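Me: I am meeting this structure for the first time and should like to be guided through it step by step. Please explain each term when it first arises.

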Amino acid sequence: MTSTAPLPEGWNKLYAAVLSDALDAVGVTTQAMPSTIRPLDEDLILCGRARTGIYMETAHVDPDVNPYELEIKLIDDLKPDEVAILACGGSGRIAPWGSLLSTAAVGRKAAGCITDGFVRDIKTIRELKLPVFHAGIAPLDSKGRGQIAAIDVPVICAGVRVCTGDLVFGDADGVVVIPQAVEAEVLKIAFDKIASEDSSMDDLRNGAYLRDVYERHGVL
């Protein structure tokens, strides 16, 4: 599967919790990012294919070096429905995402950005309605603090392994990453559970007891 693989049909019915449960069901229990990764706008949902970049910390910039070179290359190459995954290794010095990259991503019809670094220019990003998930907010430029060392390589972002092409989903509950090797199985489980939960909700609204509904549908 490549990063340009289409999104699953009916993806707008998905949500992070059901995907996390489906990953658990196939024995993959390490693909939900920690609660420190939060959306700038909880009303927005992110679903897309990962495009990865890994940052290294730096302490200076050589005069003849463009520290943004790979960053620019990654953003300019984003395709519709792709997500920039920027792994900063938990650095407290790097804010790799701001208004210009957000505007460029919108122009390329990308799905959004997820980083375990900081973001800035947040008012502009919110106005753009671009889903962005982050580890914090800070005014720091990445120049002189960090730069991308490689793109489209496997990365560890907020403790989760992400490869270019992986399906990434984020909402108000958090972010999950579905490895390509288990994607078909995870999606089937997730959509089946959504159907069962819809039936459970209908029964509960009509006054059914939770114990009976659980016995009937087997979801909670």
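Me: Which residues of strand β4 are buried on one side, and which on the other?
Reply: Both faces of β4, residues 112–115, are covered. Strands (E, at least two residues) and helices (H or I, at least four) are DSSP runs numbered from the N terminus, and buried means under 20% relative accessible area, exposed over 50% and partly exposed in between (1.4 Å probe, protein chains only). In a regular strand the side chains alternate between the two faces of the sheet. The buried residues are G112 and I114 on one side, and on the other C113 and T115.

Me: What kind of model is this?
Reply: Residues are numbered from 1 along each chain as its sequence is written, and side-chain values use heavy atoms, leaving out hydrogens and water. Local features need pLDDT of at least 70, side-chain atom pairs count only at pLDDT 80 or more, and totals for chains, interfaces and linings use all residues; the model is predicted.

Me: In which sense do β3 and β4 run, parallel or antiparallel?
Reply: Two strands pair if DSSP finds at least two bridges between them. In β4, I114 is the bridge partner of I85. Four bridges join β3 to β4, and the sense is parallel.

Me: Through which helix does the chain cross from β3 to β4?
Reply: This is a β-α-β crossover, and it is right-handed. The term applies if, with the strands pointing away from the viewer, the path from the first strand over the helix to the second runs clockwise. The helix between β3 and β4 is α3.

Me: Which residue of β6 is the bridge partner of C113?
Reply: Strand β6 covers residues 132–134 and pairs with β4 in the parallel sense over two bridges. The partner of C113 in β6 is V132.

Me: Which residues have the most contacts inside the largest nonpolar core?
Reply: A nonpolar core is a set of buried Ala, Val, Leu, Ile, Met, Phe, Trp, Tyr and Cys residues joined through side-chain atoms within 4.5 Å. The largest has 21 residues, and α2, β3, α3 (99–107), α4 (122–128) and β8 each supply at least two of them. In soluble globular proteins, nonpolar side chains tend to be buried together. The residues with the most contacts inside this core are L86, W97 and V132.

Me: With which residues is V132 in contact, leaving aside its neighbours within four places in sequence?
Reply: Contact means heavy atoms within 4.5 Å. With those neighbours left aside, V132 touches R38, P39, L40, W97, C113, V119 and I125.

Me: How many of the 12 residues of strand β2 are buried?
Reply: Strand β2 spans residues 46–57. It is largely enclosed by the rest of the structure, because the number of its residues that are buried is nine.

Me: Which residue of β3 stands opposite T52?
Reply: Strands β2 and β3 (residues 82–87) pair in the parallel sense over six bridges. Opposite T52 stands I85. The chain passes from β2 to β3 in a right-handed β-α-β crossover, through helix α2 (residues 69–76). The residue asked for is thus named as I85.

Me: In β8, which residue is the bridge partner of Y55?
Reply: Strand β2 also has antiparallel partners. With β11 (residues 167–171) it shares four bridges, and L46 stands opposite G170 there. Five bridges join β2 to the antiparallel β8 (residues 146–151). In β8, the partner of Y55 is I148.

Me: What is the relative accessible area of L128?
Reply: L128 belongs to helix α4. Apart from neighbours within four places in sequence, L128 contacts S99, S102, T103 and V106. L128 is partly exposed, because its relative accessible area is 28%.

Me: What separates the C-alpha atoms of E127 and D41?
Reply: E127, also in helix α4, is exposed, with a relative accessible area of 65%. E127 and D41 are 86 residues apart along the chain, and their C-alpha atoms are separated by 9.9 Å.

Me: Near what value is the phi of K129?
Reply: K129 sits in the loop between α4 and β6 and is exposed, at 54% relative accessible area. Most residues other than glycine have a negative phi. K129 is not glycine and has a positive phi, near 60 degrees.

Me: Is A158 buried or exposed?
Reply: A158 lies in the loop between β9 (155–157) and β10 (160–162). Its phi is also positive, near 55 degrees. With a relative accessible area of 17%, A158 is buried.
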